[in-house]
Amino acid sequence: MVTSAARPAQEELPALMRGHLTHLSGMAGDLRDQIEDPAKVDYRAMETLLLAAPTYRGRVVVIGDAAHTTTPQLAAGGAMCLEDSVALGEELARGDSIDAGLRAYSEGRFGRCEFVVEASARLSALQMDPADADGSGFTEAMGKSVAALAQEF
């Protein structure tokens, strides 16, 4: 997922960023007003990635963001990497062979990883959707996503 293919000119970035932060006051507003140097504004499209199983070749396993990159809305990237590590260890310990453990790990993680990538992308889209100006769609989707993530993996 790429949220926008159009990239503003670098010199426009400070004004654009300040414009997105006009509602802030206090210390945050003071900091907003200091955004002036275009070289210090980092602007990137948000992208996702979801590798299909198998996420390994031989005995090399791809986990975390290398296998399933999300947008930041669920703040789940680091947690997913930790889950991957635990699940990989459990499957290797449970398997009759390393190959069997790797296969079980790769196939078993796909559904949860797919959910996190898609839910994060959906939340990202809702944050930019003018039809959800009151944030109710985002709030509902976030609640459902967090509840699903709270389930044992």
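Contact means heavy atoms within 4.5 Å. Helices (H or I, at least four residues) and strands (E, at least two) are DSSP runs, numbered from the N terminus.

This is a predicted model: local features need pLDDT of at least 70, side-chain atom pairs count only at pLDDT 80 or more, and totals for chains, interfaces and linings use all residues. Residues are numbered from 1 along each chain as its sequence is written, and side-chain values use heavy atoms, without hydrogens or water.

**Helix α3**

Helix α3 covers residues 77–94. Its end-to-end C-alpha reach is close to expectation, taken as 1.5 Å times one less than its number of residues.

| Helix | Residues | Reach, first to last C-alpha | Expected |
|---|---|---|---|
| α3 (77–94) | 18 residues | 26 Å | 26 Å |

Buried means under 20% relative accessible area, exposed over 50%, partly exposed in between (1.4 Å probe, protein chains only). Gly77, Met80, Glu83, Asp84, Ala87, Leu88 and Glu91 are buried in α3. They fall within an arc of 135° seen down the axis, so they line one face of the helix. The arc is that of the directions from the helix axis to the C-beta atoms. These buried residues pack against β3 (60–61), β4 (68–69) and α4. Leu82 and Ala93 are exposed, on the face turned away from the buried side.

Glycine 78 also lies in α3. It is partly exposed, at 48% relative accessible area.

**Nonpolar core**

The largest nonpolar core (buried Ala, Val, Leu, Ile, Met, Phe, Trp, Tyr and Cys residues joined through side-chain atoms within 4.5 Å) has 11 residues, including Met80, Leu123, Leu126 and Ala141. Two or more residues come from each of α4 (98–128) and α5 (136–149). α4 gives the most, 5 residues. Beyond its neighbours within four places in sequence, alanine 141 contacts Leu123 and Leu126.
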